[in-house]
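User: I am new to reading protein models, and I would like to learn how to describe what I see, one feature at a time. Could you take me through this one slowly?

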Amino acid sequence: MFGGLATPAAGSPHLRKSGSRAVVSDIGGELGNGLEDSPVNSPEAEQMKTMNPAAIMPSPIVLWRFKVLLFFAWGFICCKIGWDSVMRMSADLRDLFLYEAFLYYNPLLLVTLMVWLWGINLWVFAQSNIGYAKIFDLDQNHLTHREIWKCATWMTIVVPTSMTAYLYLYSHGEVSLAASQPVLLYTAVALILIFPFDIFYLSTRFYLLRTLWRIVFPLQAISFCDFFLADILTSMSKVFSDLERSVCRMVHRQVATIAWFEADSVCGSHSVAIPLVLVLPYLFRLFQCLRQYKDTGERTTLLNALKYSTAVPVIFLSALKYHVFPEKWTSFYRPLWLLSSVLNSLYSFYWDITRDWDLSCFTRIFKFTKPSIASYLLYGRRWVFLWVIGSNLILRCTWTYKLSAHLRHNYLTLFTITALEIFRRFQWAFFRVENEWNKTNSRTNIQLASLSDINSEEDKLLPSDHNV
């Protein structure tokens, strides 16, 4: 009764269901003779024994958590090595060297921050059904927010790693190897941008380079993408100024030295190239406005050009501090600098609110197609508009501090202000793109309405029973 397995007959209704687990027994007799015909040795069973490699792979969530863990572990190691390297230096050399390290890596760190924030912009546009690809005239191979974040992740890894190696090698006496770190990094970035082969998002890289060329030489009609990127470049004028000084030092073999503190050195802090590079993005935008006026005849483009021209006195009056007597600067040029700073800040703020954003058209930027906690907190909330307007005014005024060449030695404060200006531009991009999307839809609706009116007029003029 409690002994072996009972084997039902071949026609028994109690046979195991198809797909259930096979019964295997070592009992001889009739059961053993039927093993060759059992499903256990069938081809399907053999296939089941062969495991699919994808089946043994961890889930995407586990992989994502593992990558995040590695990322934080890498960040901790870099911070630990960098801190120990800095502490090995003498107190009088430490500040000078950190200032120099900041000069080389500050531009790329800020560009990395901009790429991260641009990925967030694209994510919100996708969630809000704003056709940014149509606005920027992108092809079907354009990068999504996920791919933008992937690029930003690699930038976040590579740039601090090079900076950590720079600090470590210099603190351990390997000055020549330390000097090669920023050179290798800048060379790699330049090569990746101009690499002509179909890797590293070739179409996107060439789209960026082509747009930059159109910004520098506005010899054609100005598209939305042209002046949108040019506006972003004005927020990164200090980045380009530090970039010029870094490249200058690399060309003149001054990396990992403190000779640049000499005022009269080729790449010194009093160099005339500093205000020239600071003003270039504003001049590019000014020429774009003049080109738009030539093409369209709209007077508002001249007013916009006037806005960008107000940044020129701020930059050059500030730079005069290094080229005039201190009494002359304090009594005459400094009041002019303050007046031009206030004028530039208030004019730019007014233009952001009334022209670039057009607050009356805000309808959908934070209205996500799939409601979430983010859309609930942001869409239609009065505090969002109060925050954006108030922070834009404050950051417009503090950005004037950044444009002032005579205030650039406090590098930590300047880094913070530049990062805040990039954040202001990140906020600005939401409403600027939405405003353009609303205008595009309005133009499309007007064209459709005009086409409908034309068709209706033709129907009235041509009777329905008329044969051609």
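User: Is F72 buried or exposed, and how does one decide?

Analyst: The structure here is a predicted model, and the general idea is to look at the relative accessible area, where a value over 50% counts as exposed and one under 20% as buried. F72 has a relative accessible area of 58%, so F72 is exposed. F71, at 28% relative accessibility, falls between the two limits and therefore counts as partly exposed.

User: How should I describe a pair of aromatic rings, and what is the arrangement of F71 and F72?

Analyst: A pair of aromatic rings is described by the distance of the centres and the angle of the planes. The ring centres of F71 and F72 are 6.1 Å apart and their planes stand at 85°, which makes the pair edge-to-face, because planes over 60 degrees apart are given that name. F332 and Y333 also form an edge-to-face pair, with 5.0 Å from centre to centre and 80° between the planes. In that pair, F332 is partly exposed with a relative accessible area of 41%, whereas Y333 is buried, with a relative accessible area of 19%.

User: How many aromatic pairs does the count come to?

Analyst: The count comes to 28 aromatic pairs.

User: How many helices and strands does the protein have, and what share of the residues counts as buried?

Analyst: The protein has 17 helices and 0 strands. Of its 468 residues, 38% count as buried. A further way to read the fold is to ask how far apart in sequence the touching residues are: among the contacts with a separation of 6 or more, 70% are between residues 24 or more positions apart.

User: When I look at two helices, such as α4 and α7, at what angle do they cross, and which residues make the contact?

Analyst: One begins with the axes of the helices, then turns to the residues that touch. The axes of α4, residues 91–127, and α7, residues 175–194, come within 11 Å and cross at roughly 30°. Because an angle under 35 degrees counts as roughly parallel, α4 is roughly parallel to α7. The crossing of these two helices is left-handed. On the side of α4 the contact is made by Y104, Y105, P107 and L108, and on the side of α7 by Q181, P182, L185 and Y186. Sorted by class, the contact of α4 with α7 has 7 nonpolar residues, 1 polar residue and no charged ones.

User: What is the crossing angle of α7 and α10, and which residues make that contact?

Analyst: The axes of α7 and α10, the latter spanning residues 237–251, come within 11 Å and cross at roughly 115°. This crossing, too, is left-handed. The contact is made by P182, V183 and Y186 of α7 together with L243, S246 and M250 of α10. These residues divide into 5 nonpolar, 1 polar and no charged.

User: How do I read a single residue within a helix, for instance D356, and which residues does D356 touch?

Analyst: A careful reading gives the place of the residue, then its accessibility, then its contacts. D356 lies in helix α14, residues 326–357, and D356 is buried, with a relative accessible area of 8%. Leaving aside residues up to four places away in sequence, D356 touches K307, W351, W428, F431, R432 and N435.

C225 can be read in the same order. C225 is placed in helix α9, residues 224–234, and is buried, with a relative accessible area of 11%. With residues up to four places away again left out, C225 touches F136, Y207 and T211. C225 and F136 are 89 residues apart in sequence, yet 5.2 Å apart in space, C-alpha to C-alpha.

User: Where do D137 and R253 lie, and what can be said of their phi angles?

Analyst: Here one notes the sign of phi and whether the residue is glycine. D137 is in the loop between α5 and α6, and its phi is near 60°, a positive value in a residue other than glycine. R253, found in the loop between α10 and α11, has a phi near 55°, likewise a positive value in a residue other than glycine. D137 is exposed with a relative accessible area of 63%, and R253 is exposed with 78%.

Note on methods: Residues are numbered from 1 along each chain as its sequence is written. This is a predicted model: local features need pLDDT of at least 70, side-chain atom pairs count only at pLDDT 80 or more; totals for chains, interfaces and linings use all residues. Side-chain values use heavy atoms; hydrogens and water are left out. Axes are lines fitted to C-alpha atoms, for helices over the stretch in contact, and angles run from 0 to 180 degrees between N-to-C directions. Helices (H or I, at least four residues) and strands (E, at least two) are DSSP runs, numbered from the N terminus. Angles under 35 degrees count as roughly parallel, over 145 as roughly antiparallel, 65 to 115 as roughly perpendicular and the rest as oblique. A crossing is left-handed if the near helix is turned anticlockwise from the far one by less than a right angle, and right-handed if clockwise. Contact means heavy atoms within 4.5 Å. Ala, Val, Leu, Ile, Met, Phe, Trp, Tyr, Cys and Pro count as nonpolar, Asp, Glu, Lys and Arg as charged, and the others, Gly among them, as polar. Rings of Phe, Tyr and Trp (its six-membered ring) pair if their centres lie within 6.5 Å; planes under 30 degrees apart count as stacked, over 60 as edge-to-face and the rest as tilted. Buried means under 20% relative accessible area, exposed over 50%, partly exposed in between (1.4 Å probe, protein chains only).
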